[in-house]
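Colleague: Could you walk me through this model? I have a few questions about how its helices pack.

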Amino acid sequence: TNAELRDEWNLIEDWMTEIQTTSAPDEVANAFFSSKHFWYYDTVSQMFSTAYGSIAIALGAASVVIFVSSKSLIMTLYSVFSVAYVLMSVIAMTVAIGWKLGFMESICFAIAIGVSVDFVIHFSHAYTTPQGGASREARTKFALIHMGPSVLAAGVTTVAGATIMFVSEWRASY
């Protein structure tokens, strides 16, 4: 796990620092160590440290795009709440089933961020497209008729692609 790799890295790093400062000749006093295992540890650590930042960037960018296109603060707030809810649901389910944040989970989070922002922005745009005094019911119907099939198709293809990836990952583990 990443915690075990971190502990091992710290153990070796402490040993290297001690040796370099106490008994290493000047020619090798700046030595370093490397391993493919520690490259993986660093990659996963960087993904974890940037996960929250990417969520914040996605929510901020979605807020700006929705506010500029809809010119409605209420629509922006509802849309950002919807995206945040999707992301928190994915994170909660990941924790609930006992997964740890790893390479594949980071990719899944990136996909979830993109898909949730994409879907919400498309529906928000379609909802605000009817001009004049259209009722909420008429706006909702318009959004569902004009964006529903595209968003549904995108959802189906995303689930189909994820299923294929899941099956190939599952078969590779045996």
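Modeller: Happy to; what follows is a short set of questions and answers on this predicted model.

Colleague: How far does helix 2 reach from its first C-alpha to its last?

Modeller: Helix 2 covers residues 36–70, which is 35 residues. At 1.5 Å a residue, a span of 51 Å is expected. The model comes close to that, with a reach of 49 Å.

Colleague: Where is the kink in helix 2 centred?

Modeller: The bend there is about 35°. Just along the helix, Ala51 is among the buried residues, as are Val44 and Ile55. The kink itself is centred on Thr50.

Colleague: Which helix gives the largest share of the largest nonpolar core?

Modeller: That core has 17 residues, and Ile55, Leu59, Ile66, Val83, Leu87, Ile113 and Val117 have the most contacts inside it. Two or more residues come from each of helix 2, helix 3 (73–96), helix 4 (103–128) and helix 5 (136–172). The largest share, 6 residues, comes from helix 4.

Colleague: Which residues does Val83 touch, beyond those up to four places away in sequence?

Modeller: Val83 is one of the residues with the most contacts inside the core. Setting aside residues up to four places away, Val83 touches Leu59, Ser116, Val117 and Val120.

Colleague: Is Thr94 buried or exposed?

Modeller: Thr94 lies in helix 3, and beyond its neighbours within four places in sequence it contacts Trp99 and Phe109. Its relative accessible area is 11%, and the cut-off for burial is under 20%. Therefore Thr94 counts as buried.

How values were computed: Residues are numbered from 1 along each chain as its sequence is written. This is a predicted model: local features need pLDDT of at least 70, side-chain atom pairs count only at pLDDT 80 or more; totals for chains, interfaces and linings use all residues. Side-chain values use heavy atoms; hydrogens and water are left out. Helices (H or I, at least four residues) and strands (E, at least two) are DSSP runs, numbered from the N terminus. The expected span of a helix is 1.5 Å times one less than its number of residues. The bend at a residue is the angle between axes fitted to the seven residues ending there and the seven starting there. Buried means under 20% relative accessible area, exposed over 50%, partly exposed in between (1.4 Å probe, protein chains only). A nonpolar core is a set of buried Ala, Val, Leu, Ile, Met, Phe, Trp, Tyr and Cys residues joined through side-chain atoms within 4.5 Å. Contact means heavy atoms within 4.5 Å.
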